[in-house]
Amino acid sequence: MTYAITQTCCNDATCVAVCPVNCIHPTPEERAFGSTEMLHIDPRACIDCGACADACPVDAIFPVDSLSAGQREYADINAAYYAGAEPSAGVVDGPNFHAWGEPVFGRSLPSDFGPLRVAVVGTGPAGMYAAQDLLLHTAAEVTLIDRLPVAGGLVRYGVAPDHPATKKVGDTFSRFHSHPRVRMHLGIEVGRDVTAEELAAHHDAVIYAVGASTDRRLGIPGEEGPGCLSATSFVAWYNAHPEAVAQDVDLSAERVVVVGNGNVALDVARILVADPEALAGTDIAAHALEALRASRVREVVVLGRRGPEDAAYTRSELLALKHLPGVELVVDDHDPRTAAAIGAAGAGDRAGLLRGLARVRTDAASPGPGRGADRRIVLRFHSEPVEVLGEGAARTVRVTDGGGGAADLAAGMLLRAIGYRGLPVPGLPFDEASGTVPHEGGRVAGLPGGYVVGWIKRGPSGGIGANRTCAAETVGTLLADAVAGTLPAPTGDARAFRRLARRRNRRVVDARGLAAIDRAERDRGRRDGRPRVKLATVEELVATARAGRVLRLTR
């Protein structure tokens, strides 16, 4: 019996490091790493030791014999990666035990080097991979800072609620929140409560992991009107982000149009047509669950400007749509190029996966779901929006038809999922064209002791696991600068920064407060039969943190 990697693979390569026979590829040393959608286990070389499954932070690895009906395709997907591969590509025909070389300096400091004080701004995956690297490989003291009064970033507020296995990577990160060399200041925003200069004055180095928190615009008439939202804000709404809890989301129309062909577009489409009672067992925001229970949405049209061969979503996310109970997945046949691309695609291509799906023509008068389904997702390629029409609310989305003309889709909401964009951090340089901070290997240009990691460093590309390699590069650059003596000496210490932070913001949440929030959310979840019920406002989060901290101190 061999193992297989499945849909929730996060690509962080933890499994690669523990495999005793080097049967998981691509590895971080191979050129293909970072460009493949997931990692793969070679069934010819796997020795069934299970080390990879034990190490996987997102529970993506299972014995082939235990795969569920919806996962069985992954046994073939793993094997197909190795079909016809040559050893020069990093794939082997049999066990290939690691050849351990001489240790090379890179992840640690010389033994006589004093501990560094490093601030990490942002507690999402990028920031936590950087903190983990520093804590495991050096004696560094780490200050974790986040503008929200709760940690988690993308794991808490970006991962879809029906992907609980992916959220488990947060458990890996949370064990560092109470690490003896970690100090936590949540609810502190750089540029509002403290400046970048003040942060640098109290630390040897500062790593900014602030992500890409805004979205790109379509630039079409009607886009700013009611009924037009970014997928960024919609995802934040159903994940109980404090800045989106009061957002007005109207689900009274039968059709929603989603613009974009990436994983986020498929996420929001899936949530819109999923059975609310299935979502009731997740950590979806309570207000979103209530709205979805009352929703009249029966069809989501996903628009892609290019063809199926150029779709940016991963194969695993497309496969997930095929297994949604009561949901029909179809392809719009308005453009003959779509059928041609699907017909010409290989079995492993995204377009090839669409082969065999029902095809319909979707327009204002198109019939609804068929074949016993009561909801459907329509993939419409070679089409983009040109205008949103409606008085006081979205009523129609006008889209191109691929032949130079236009078609009108009756719809009550348009969601744009065409990419994220970083925002400037006060005190740091910023490239407006790319929405990133200029850097060299993670070192901020013109700012000694300043570093970046994650999407603010490389742009909004790559999933959770991609941040591990990204963080390794940044931390390596930081440590090399420390050894070279180019880090500026801080003028204040950790205690002075704590006093400064609390003087500027009386509602700062520390590790004990964060633990109180976690306990409260889990307790609420147990009462409702859910993993947790999130606190959805800043006021609730801060009050819970304070109450829990006081209770702990009085015991």
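The following exercises, each with a worked solution, concern a predicted model of one protein chain.

**Exercise 1. Confidence of the model**

Determine what the mean pLDDT of the chain is, and over which residues pLDDT stays under 50.

*Solution.* Step 1: the chain has a mean pLDDT of 89. Step 2: a value of 70 or more is reached by 92% of its residues. Step 3: the stretch with pLDDT under 50 covers residues 86–105. For this stretch the model has 27 contacts beyond four places in sequence. Step 4: where pLDDT is low, the predicted coordinates should not be read in detail.

**Exercise 2. The buried residues of helix H3**

Identify which residues of helix H3 are buried, how they are placed about the axis, and what covers them.

*Solution.* Step 1: helix H3 spans residues 73–82, and its buried residues are Tyr-74, Ala-75, Ile-77, Asn-78 and Tyr-82. Step 2: viewed down the axis of H3, these residues fall within an arc of 165 degrees, so they line one face of the helix. Step 3: the cover over the buried residues of H3 includes strands E1 (3–5), E2 (24–25) and E3 (40–41), together with helix H13 (315–321).

**Exercise 3. The order of the open sheet**

Establish the order of the strands in the open sheet of 7 strands, and state which strands form its edges.

*Solution.* Step 1: the order is E10-E19-E11-E12-E15-E13-E14, and the pairing is parallel. Step 2: strand E10 (228–230) and strand E14 (358–360) are the edge strands, since each pairs on one side only. Step 3: on average, neighbouring strands of this sheet are turned by 25 degrees against each other, direction ignored. Step 4: helix H9 (residues 231–238) packs on the sheet, where it touches E10 and strand E19 (413–416). The direction of H9 makes about 80 degrees with that of E10.

**Exercise 4. Strand E15 and its partners**

Describe how E15 is joined to E13 and to E12, and decide whether its residues are buried or exposed.

*Solution.* Step 1: strand E13 (residues 327–332) runs parallel to strand E15 (residues 375–380), with 5 bridges between them. Within this pair, Val-330 has Val-378 of E15 as its bridge partner, and Val-331 stands opposite Leu-379. Step 2: strand E12 (residues 299–303) is likewise joined to E15 by 5 bridges and runs parallel to it. Here the bridge partner of Val-302 is Leu-379 in E15. Step 3: 6 of the 6 residues of E15 are buried. Step 4: on one side of E15 the buried residues are Arg-375, Ile-377 and Leu-379, and on the other they are Arg-376, Val-378 and Arg-380; both faces are thus covered.

**Exercise 5. Nonpolar cores**

Find which residues touch the most other members of the largest nonpolar core, and examine the contacts of Ile-24.

*Solution.* Step 1: the largest nonpolar core has 121 residues, of which Ile-24, Tyr-238, Ile-377 and Leu-379 touch the most other members. Step 2: residues up to four places away in sequence being left out, Ile-24 touches Ile-5, Cys-15, Val-16, Cys-19, Leu-39, His-40, Ile-41, Cys-52 and Tyr-82. Step 3: another core, of 21 residues, lies apart from the largest one; among its members are Ile-145, Ile-188, Val-194 and Ala-501.

**Exercise 6. The surroundings of Val-121**

Locate Val-121, and explain why it counts as buried.

*Solution.* Step 1: Val-121 belongs to strand E5 (residues 117–121). Step 2: Val-121 counts as buried because its relative accessibility is 7%, and the cut-off is under 20%. Step 3: beyond four places in sequence, its contacts include Ile-145, Val-190, Leu-199 and Tyr-208. Step 4: Val-121 and Val-452 are 331 residues apart along the chain, and their C-alpha atoms are separated by 9.3 Å.

**Exercise 7. Backbone geometry**

State what is notable in the backbone at Pro-26, Asn-22 and Asp-59.

*Solution.* Step 1: most residues other than glycine have a negative phi, and most peptide bonds are trans. Step 2: the peptide bond from His-25 to Pro-26 is cis, with omega near -5 degrees; Pro-26 lies in the loop between E2 and E3. Step 3: Asn-22, not a glycine, has a positive phi of about 55 degrees. Asn-22 lies in the loop between helix H1 (14–18) and E2, and is buried at a relative accessible area of 15%. Step 4: Asp-59, also not a glycine, has a positive phi of about 50 degrees. Asp-59 is found in the loop between helix H2 (51–55) and strand E4 (61–63), and is partly exposed at 32% relative accessible area.

Notes:
Residues are numbered from 1 along each chain as its sequence is written. This is a predicted model: local features need pLDDT of at least 70, side-chain atom pairs count only at pLDDT 80 or more; totals for chains, interfaces and linings use all residues. Side-chain values use heavy atoms; hydrogens and water are left out. Buried means under 20% relative accessible area, exposed over 50%, partly exposed in between (1.4 Å probe, protein chains only). Helices (H or I, at least four residues) and strands (E, at least two) are DSSP runs, numbered from the N terminus. The arc is that of the directions from the helix axis to the C-beta atoms. Contact means heavy atoms within 4.5 Å. pLDDT is the predictor's confidence in each residue, from 0 to 100. Two strands pair if DSSP finds at least two bridges between them. Axes are lines fitted to C-alpha atoms, for helices over the stretch in contact, and angles run from 0 to 180 degrees between N-to-C directions. A nonpolar core is a set of buried Ala, Val, Leu, Ile, Met, Phe, Trp, Tyr and Cys residues joined through side-chain atoms within 4.5 Å.
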